[in-house]
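Colleague: Could you walk me through how to read salt bridges and backbone angles in a model? I would like the general idea before each case.

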Amino acid sequence: MAEGIKKRVTTAVVLAAILLAVVLWLPPWGTQALMTLVVLAGAWEWSAFLRVQSLALRITYVVLIAALMAATWQLTADPAGRDFVLRLALVWWIVALGWVMFAPRRVSSWAAALAGVFALVPAWMALNRLVDFPRGPEWLLFALILVWAADIGAFFVGRRFGRTRLAPTVSPGKTWEGVVGGALASALVAALGSGRFDQPLLWFVPLCLAVVAFSIVGDLTESLLKRFAGMKDSGSLFPGHGGVMDRIDSVTGAAPILLLVLLKLGVHP
């Protein structure tokens, strides 16, 4: 058990160092290109949730996601199109919450395919649009740290104090105590962010906690689909962490909601 935690922490430290280098040192287009590759790698892993055996069908699914990403980028060049996509993402994650809570066993390959579209494409758009903000790299870094702080807090508090299961049918290891731990960790990050970005503390922290709530829905949705596909992890790229989707599942739920919040706060026109 201790060896597993050590491997998890070591991988997390390496990933954090790479993240800092990418976000702070690469030009914006380089960061956007790398995020595109990461999301397409996530789409490849997501294609396994469809329970299709054909390599051609899995590749076709990734190509479809790439095409939708390109179309969404064009659509969201206009503020009206951007708002439409973000509101659509908000509706989707509310639907996904109902799916996880009330019908976690009602899953099909078509449902998994549509879920991937609604999870991956708006999240990719939101992350890349964040880079276009004034102080864009800092906002992107904040978004990722906010979500990963919640994940880390939930993991360690859940392991130590977890008793009440959050969604036993979907992800038996997650607990309400872990949710509280994750919320506390992310609230600290949000409080620091409010000072860094000159945002009102009393508004910014609760809104960031709402973003974290959607990140949990993203995590649970991926867990639901992994159970449907009979998979423990989406992949094995990261020792102790699984695959790409296991690292960005929470981000898919959080990114479009955070962008929507920041636009409403007037951070970017």
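Modeller: Happily; we will take the salt bridges and then the backbone. This is a predicted model, in which local features need pLDDT of at least 70 and side-chain atom pairs count only at pLDDT 80 or more, while totals for chains, interfaces and linings use all residues. Residues are numbered from 1 along each chain as its sequence is written, and side-chain values use heavy atoms, with hydrogens and water left out.

Colleague: What is a salt bridge, and how many does the count come to?

Modeller: Side chains of opposite charge can pair when their charged atoms come close. The rule asks for a side-chain nitrogen of Lys or Arg within 4 Å of a carboxyl oxygen of Asp or Glu. By this rule there are six salt bridges.

Colleague: Which residue does K226 pair with at 3.8 Å, N to O?

Modeller: That partner is E222. Both belong to helix α8, where helices are DSSP runs of H or I with at least four residues, numbered from the N terminus. They sit four residues apart, so about one helical turn separates them.

K226 also forms a salt bridge with D246, with the closest N and O atoms 2.8 Å apart. This pair links distant parts of the chain, 20 residues apart: D246 is in helix α9 (residues 244–264) and K226 in helix α8.

Colleague: Are K226, E222 and D246 buried or exposed?

Modeller: Buried means under 20% relative accessible area, exposed over 50% and partly exposed in between, using a 1.4 Å probe and protein chains only. K226 is buried at 9%, E222 is buried at 1%, and D246 is buried at 7%.

Colleague: What does the salt bridge between R196 and E138 tie together?

Modeller: Their side chains meet at 2.9 Å, N to O. R196 lies in helix α7 and E138 in helix α6 (residues 136–161), so the bridge ties together parts that are 58 residues apart in sequence. R196 counts as exposed at 53% relative accessibility, whereas E138 is partly exposed at 24%. Shared partners join R135, E138 and R196 into one salt-bridge network.

Colleague: Now the backbone: where does R51 lie, and what is its phi?

Modeller: R51 is in the loop between α2 (28–47) and α3 (55–75). Its phi is positive, about 60 degrees, although R51 is not a glycine.

D198 also has a positive phi, near 55 degrees, and is a residue other than glycine. D198 lies in the loop between α7 (176–196) and α8 (201–229), and counts as exposed at 68% relative accessibility.

How values were computed. Helix = DSSP H or I, 4+ residues; strand = E, 2+ residues; numbered from the N terminus.
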